[in-house]
Structure formats: structure tokens, C-alpha cells
Amino acid sequence: MIYVTRDLLTVLRERAASEDPDEVNLRLSATPAGEFETGLGLDPETPVVTHFTLPSVGSSVSSVFGVDLGTPAGEGGARFVSHPDGFLGVSRTDDLAGVVFVAVPPYDEDSVAAFDRSGDGVELAVVDAVPPTESVPE
């Protein structure tokens, strides 16, 4: 099972809808459940997908065979992709990760699914919680 915050999933779906008919491809990151201010009822080490990273300009230089070489080992274990063609699954052209979230039109709550890197479905659990506040050091 993969956990994701409702707010992040909403933002991802809205971005996919606004970019349609172009595809969206974003790296996602997680926060351990134990770092949330409210108890989620999960093991404190359970990752909850909470953030996305904007793609960098010229990412094709640092990306080989669907692997972003600029991502440290153990980071960026999930991706979000949209398929405006309506295919709700992992395609050969998708950048792969440990978990791939795929959204299709009409980009509503029923139009998103999660898959492992081999394309098998993964149960998706939406969490109603806000991740801890982060700030940039001064």
C-alpha cells in the first residue's frame, strides 16, 4: 500500500488537467508518518508521499533510461505521470520509480492509480493530513 496526502493528490490532478493534452512527469518525495503533527495511525517510519519536485531545465542530460542520475540513492522513490490518451497504467515511455502514480482524464479522484515499476497495481490510500511545516534556513 502507498500513502499520499489528499492535498498533494489534488494539486497533481489539477496540474495534469491544466497541462492536458501535454503529459506531466514529476518526481515525488515522502515524509515519514511519525513527522506529522497529527497521528496518522501508521508506523512512524511509513512513508507518506507529500511533495513534488519541478523538473529541471535540461533534465535529459542528467537522465538516462528513465533514471534521474541527479537523484541521490533512496530519494525520489515515486513519480507522478499523466496520460492524456486515457491509458491508466505504466507505459514504456514513463520514467520509472518504485511507485508510479498515473492520472488520466477527467483527472478526478477515480482517475488516479498507483503502480510498481513492473506495472502491477498498488493499493493507494489517501491521507487527510498536512505534512510538517518546512522552512529554508536563514
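**Lining of the largest cavity and the adjoining strand**

The residues that line the largest cavity divide into 2 nonpolar, 1 polar and 3 charged. They are Arg6, Leu9, Thr10, Arg13, Glu109 and Val126, and the largest share of this lining, 4 residues, is contributed by helix 1, which spans residues 6-19. The space in the largest cavity amounts to about 30 Å³, and the count of cavities of 30 Å³ or more comes to 1.

Val126, one of the lining residues, belongs to strand 10 (residues 124-127), along which the side chains alternate. In a regular strand, side chains alternate between the two faces of the sheet. In strand 10, Ala125 and Val127 point to one face and are buried, whereas Leu124 and Val126 point to the other face and are not buried. Strand 10 runs parallel to strand 1 (residues 2-5), to which it is joined by 4 bridges, and within this pairing Val126 of strand 10 stands opposite Val4. Val126 is thus placed both in the lining of the largest cavity and opposite Val4.

These descriptions rest on a predicted model, for which the mean pLDDT of the protein is 84, with 81% of the residues reaching 70 or more. Over residues 68-75, by contrast, pLDDT stays under 50, and the model has 8 contacts beyond four places in sequence for these residues. Where pLDDT is low, the predicted coordinates should not be read in detail.

Methods
Residues numbered from 1 in each chain as written. Predicted model: local features only at pLDDT ≥ 70, side-chain atom pairs only at ≥ 80, totals over all residues. Heavy atoms only, no water. pLDDT = per-residue confidence, 0-100. Contact = heavy atoms within 4.5 Å. 1 Å grid on protein atoms, 1.4 Å probe; cavity = no way out; pocket = protein on both sides within 12 Å on 5 of 7 lines; lining within 4 Å. Points joined across faces, edges and corners; volume = space filled by probe spheres on them. Helix = DSSP H or I, 4+ residues; strand = E, 2+ residues; numbered from the N terminus. Nonpolar A, V, L, I, M, F, W, Y, C, P; charged D, E, K, R; others polar. Buried < 20%, exposed > 50% of the residue type's maximum accessible area, 1.4 Å probe, protein only. Pairing = 2+ DSSP bridges.
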